[in-house]
Amino acid sequence: SLVEKIMLGQGNAIGTADDIWSFLRTGNFTVDAATKAQAQADIAEDGYWGVEQTSNRLVEFAKGLAGNDAAYADELLAAMKKGFEQATGEWGDDLPDLCQRTIEAAEKKMIAWRDGTENAQE
């Protein structure tokens with residue numbers, strides 16, 4: 001819904017953008033204060049789209065695909081990284097820092113799962 005608000009509020013600008021990703025990548029748009037506050041809360045460290053929750057969802061999805069068999073961890077981690085590479089290609093530039101930190105966190109969690117150390121104290 002946040003992206004929808006941005007797009008509806010920026011209809012003319014979107015029409016002149018090369019594509020949606022280049023438009024979003026520029027950051028050259030405005031949103032109302034409530035939308036901005038919600039987006040900031042959503043990507044905050046403890047937010048739904050923050051590093052911790054998003055990396056947890058990625059890892060839990062991978063575990064589900066593997067039937068919780070850590071023998072598939074390396075294969076699934078490679079697929080996860082490939083997905084991020086594809087997203088980077090679609091984005092047309094390096095993904096935002098939030099995305100970089102998310103894949104790094106997911107990788108650490110996948111390795112810990114593979115190695116059986118995911119519940120160990122750091």
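The buried residues of α7 (97–115) are covered by neighbours that include α4 (33–43), α5 and α6. Here "buried" means under 20% relative accessible area, "exposed" over 50% and "partly exposed" in between, with a 1.4 Å probe and protein chains only. The α7 residues that count as buried are L98, T102, I103, A105, A106, K109, M110, A112 and W113. Just past the end of α7, G116 takes a positive phi of about 75°.

A word on what you're looking at: this is a predicted model, where local features need pLDDT of at least 70 and side-chain atom pairs count only at pLDDT 80 or more, while totals for chains, interfaces and linings use all residues. Residues are numbered from 1 along each chain as its sequence is written, and side-chain values use heavy atoms, with hydrogens and water left out.

On the whole-protein level, there are seven helices and zero strands, so the element order from the N terminus is simply α-α-α-α-α-α-α, with helices (H or I, at least four residues) and strands (E, at least two) taken as DSSP runs numbered from the N terminus. Buried residues make up 29% of the 122 residues. Take the contacts (heavy atoms within 4.5 Å) between residues at least 6 apart in sequence: 56% of them join residues at least 24 apart.

Now for α6 (residues 73–91). Its buried residues are A73, L76, L77, M80, F84 and W91. They sit on the same side of α6 because they cover an arc of only 105° around the axis, the arc being that of the directions from the helix axis to the C-beta atoms. Over on the other side, E75, E85, G89 and E90 are exposed. The buried set packs against α3 (20–26), α5 (51–65) and α7. After α6 comes G92, with a positive phi near 90°.

Here is how α6 and α7 span out, where the expected value is 1.5 Å times one less than the number of residues:

| Helix | Length | First to last C-alpha | Expected span |
|---|---|---|---|
| α6 | 19 residues | 27 Å | 27 Å |
| α7 | 19 residues | 27 Å | 27 Å |

Next, the packing of α5. The axes of α5 and α6 come within 10 Å and cross at roughly 130°, which makes the pair oblique. Axes are lines fitted to C-alpha atoms, for helices over the stretch in contact, and angles run from 0 to 180 degrees between N-to-C directions. Angles under 35 degrees count as roughly parallel, over 145 as roughly antiparallel, 65 to 115 as roughly perpendicular and the rest as oblique. The α5 and α6 crossing is right-handed, meaning that the near helix is turned clockwise from the far one by less than a right angle (anticlockwise would be left-handed). Residues L58, A62 and L65 of α5 meet L76, M80 and F84 of α6.

With α7, the α5 axis comes within 8 Å and crosses at roughly 45°, so α5 is oblique to α7. This crossing is right-handed. Among the residues making the contact are V51, L58 and A62 of α5 and L98, A105 and W113 of α7.

One residue of α5 to click on is R57. Is R57 buried, partly exposed or exposed? R57 is partly exposed, with a relative accessible area of 27%. Leaving aside its neighbours within four places in sequence, R57 is in contact with Y48 and W49. R57 and A106 are 49 residues apart in sequence and 8.9 Å apart in space, C-alpha to C-alpha.
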